[in-house]
Amino acid sequence: MYDLDDLYQEVIMDHNRRPRNFRKPSDANREAEGFNPLCGDQITLYLAVEDDMIADVGFQAMGCAISKASASMMTESVKGLSLEDAEKVFNEFRSMITQEDFNPDVLGDAELLEGVSRYPARIKCAALSWHALNSVLGEGEGATVTTE
Ligand code: ZN
């Protein structure tokens, strides 16, 4: 399938097969679109923000296993956090994927994507949903992000 067999650990495959929070929350009040033209991955990320807290989060996506698994892991990592703490989680993920020092404790299952940083073509797949998250946190209202 890919040249990444060692990446497809059981947990990653499970997130791909049964993505968590794969829905649009009925009370969503922020959203962002993401598109990775290199691979064809698309995501719409939804946040329900109340009092600067992520009360709920969900996404809908089409794309490869890594992009979907990463989005699923991301939603689990930030659900229930303050916007400020969610941004910290994003920063740790970005550090991990760019092979800098990072704190795995806040990343949850997303820590398993560390191996993706060895495959430049797959980094954009893994990072897509996280860039969508960052654009929502930064801009407040809807936004569109692309990895290009
Ligand atoms: Zn992809």
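The residues lining the largest cavity divide into 5 nonpolar, 3 polar and 2 charged. This is a predicted model, so let us take a friendly walk through the cavity, the zinc site and a helix pair.

**The cavity**

The count comes to 1 cavity of 30 Å³ or more, and the largest cavity has a volume of about 40 Å³. Its lining consists of Asp41, Gln42, Ile43, Ala61, Ser67, Lys68, Ala71, Cys125, Leu128 and Ser129. At least two of the lining residues come from each of β2 (41-50), α2 and α4 (120-139).

**The zinc site**

Two residues of that lining, Asp41 and Cys125, also appear among the protein donors of the zinc ion. The donors lie 2.1 to 2.7 Å from the ion, and here they are by residue:

| Residue | Donor atoms |
|---|---|
| Cys39 | SG |
| Asp41 | OD, OD |
| Cys64 | SG |
| Cys125 | SG |

Along the chain, the donors follow the spacing C-x1-D-x22-C-x60-C. Cys39 sits in the loop between β1 (30-36) and β2, while Cys125 belongs to helix α4, so this pair ties together parts that are 86 residues apart in sequence.

**The helix pair**

How do α1 and α2 cross? The axes of helix α1 (residues 10-17) and helix α2 (residues 65-78) come within 8 Å and cross at roughly 90°, which means that α1 is roughly perpendicular to α2. On the α1 side, Val11, Ile12, His15 and Asn16 take part in the contact, meeting Ala65, Lys68, Ala69, Ser72, Met73 and Glu76 of α2. The residues of this contact divide into 5 nonpolar, 3 polar and 2 charged. Lys68 meets α1 and also lines the largest cavity.

Key: Residues numbered from 1 in each chain as written. Predicted model: local features only at pLDDT ≥ 70, side-chain atom pairs only at ≥ 80, totals over all residues. Heavy atoms only, no water. Axes fitted to C-alpha atoms, helices over the stretch in contact; angles between N-to-C directions. Helix = DSSP H or I, 4+ residues; strand = E, 2+ residues; numbered from the N terminus. Parallel < 35°, antiparallel > 145°, perpendicular 65-115°, else oblique. Contact = heavy atoms within 4.5 Å. Nonpolar A, V, L, I, M, F, W, Y, C, P; charged D, E, K, R; others polar. 1 Å grid on protein atoms, 1.4 Å probe; cavity = no way out; pocket = protein on both sides within 12 Å on 5 of 7 lines; lining within 4 Å. Points joined across faces, edges and corners; volume = space filled by probe spheres on them. Donors = N, O, S within 2.8 Å, 3.2 Å for Na, K, Ca; no water.
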